[in-house]
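Please examine the sequence and the model below before reading on. The explanation starts at the end of one helix and works outward from there.

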Amino acid sequence: MHEMSIALAVVDQVQEAATRAQDVTAVRSVRLQVGELAGVVPDALAFSFELACAGTLLEGAELITEAVPGRARCIPCAHEWAVGMPPRLTCPACGGTRTDLLAGRELQILDVHWEDGGPAHTPTREPISEER
Amino acid sequence: MCRVVDLRQAVLAKNDASAHELRAHLAARGIAVVNLLSSPGSGKTALLERELLRARERAVPVAALSADLATENDAVRLARSGVPVKQVLTDGLCHLEAGMLAGHLDGWLPDDTRLLFVENVGNLVCPASYDLGETLRVTLASVTEGEDKPLKYPTAFGLAHLVVVTKTDIAEAVDFDETAFRANVEQVNPGVEVVLTSARRGQGVGALLDRAVGALDGTPVHAPVMAREPRHHGHGHAHAHPEATGTTAHIHS
């Protein structure tokens, strides 16, 4: 299970970004894009993430994973299909073997929701910060 | 104040950067890495023992690094070939990472080496995600593992430049269906070459060395569908800039 290594890499990168921003006091959530073919199990990752965050600026942060389905396109006949799991990377329409994978290998941090040392931790004017 | 900060960073960006750096560094020294992936017990070491001997016969300067959770057994076996061998113990870690490999090569890899065979930790899941700076990635499966192995571990087989079947000397005894195996490999990695080998009988021995020497000499290696950068067709993922370091923040409350 390499999800712990993945979780540590995420925590590392968020901490680095927070250090660059200088005045971050807590991280609320991290949004990840995980492709169907990225070789990562979201549940195992969520479990590891909680452990990896312990004792860091990310303690208690929520991990939000967005799954990205695998999609492919046949170069000769332009047919597009959902590759499924296990993936089918030969063309279901013409049997072609020259394929472009359009999506499904993503494994990236999209964004981070954090608290910084701006004007205290007052919710300011709009008390609807929980909504997205 | 609460902020949402766009990072848009590949999670494995650090490993990928280390891998690129190692690949460039080794290429400058005229060295290519062959990364061997398989389940435990599929016969990586047995085949590699034969390939290292073959390399010696052909006077190709090779070295081998073997990674395991524990024991130096594999290194002892590989060292009988007489080539430089190093055992890496991962202390429980299920895969090698590029930075770790670079650290182990530092000060050990002889200057005249042309090919370095890396026997990754026996595991078809985790090592698949980590580029080690290799020029040739080889995924192996023995005939006893079932024809559907490539479908069960699509990332490991889907990212391979070469697929090697081992233990063909017992193929008949275990009813190995070569046609089905090849069809399953083709489904996840169209166009990849499949080589049949038996370390015991000598079938296919030397093929791995040939492909590795070819890759070292600049023969183009297979480009797996899964490994290709997606082209953009005007829809979908418009944000493929993993190197983006400038963080943009939008205030959220």
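Immediately after α1(A) comes Gln22(A), whose phi is positive, near 75°. This and what follows are read from a predicted model. The helix that precedes this residue, α1(A), has 19 residues and reaches 27 Å from its first C-alpha to its last, which is close to the 27 Å expected at 1.5 Å a residue. Many positions along α1(A) are buried, including Ile6(A), Ala7(A), Val10(A), Val14(A) and Ala17(A), and the list also takes in Glu3(A), Ser5(A) and Gln13(A). An α-helix has 3.6 residues a turn, so residues three or four places apart point the same way. The cover over the buried residues of α1(A) is drawn from both chains, since it includes β1 (24-35), α2 (42-53) and β6 of chain A together with β1 and α1 (13-28) of chain B.

In soluble globular proteins, nonpolar side chains tend to be buried together. In the largest nonpolar core here, which has 102 residues, Val10(A), Val34(B) and Ala64(B) touch the most other members. The element that gives the most to this core is α1(A), with eight residues. For Val34(B), once its neighbours within four places in sequence are left aside, the contacts are Leu115(B), Phe117(B), Val118(B), Glu134(B), Leu136(B), Val138(B) and Ala212(B).

The contact between the two chains takes 37 residues from chain A and 41 residues from chain B. On the side of chain A that touches chain B, the elements giving two or more residues are α1 (3-21), β5 (99-103) and β6 (107-116) of chain A, and the largest share, ten residues, comes from β6(A). By character, the residues on this side of chain A divide into 19 nonpolar, eleven polar and seven charged. Across the contact, β6(A) pairs in the antiparallel sense with strand β1 (residues 2-10) of chain B over seven bridges, and Trp114(A) stands opposite Arg3(B) in β1(B).

The strand β5(A) also belongs to an open sheet of three strands in chain A, ordered β4-β3-β5 with antiparallel pairing. Because β4 (80-82) and β5 of chain A stand at the edges, each with a single partner strand, one side of each is left without a neighbour in the sheet. Neighbouring strands of this sheet are turned by 30° against each other on average, direction ignored. Within the sheet, strand β3 (residues 71-74) of chain A is joined to β5(A) by four bridges in an antiparallel arrangement, and Arg71(A) stands opposite Ala103(A) in β5(A).

Key: Residues numbered from 1 in each chain as written. Chains lettered and ligands numbered in written order. Predicted model: local features only at pLDDT ≥ 70, side-chain atom pairs only at ≥ 80, totals over all residues. Contact = placed C-beta atoms within 7 Å. Nonpolar A, V, L, I, M, F, W, Y, C, P; charged D, E, K, R; others polar. Pairing = 2+ DSSP bridges. Core = buried A, V, L, I, M, F, W, Y, C linked by C-beta atoms within 7 Å. Buried ≥ 20, exposed ≤ 12 C-beta atoms within 10 Å, placed from the backbone. Axes fitted to C-alpha atoms, helices over the stretch in contact; angles between N-to-C directions. Expected span 1.5 Å × (residues − 1).
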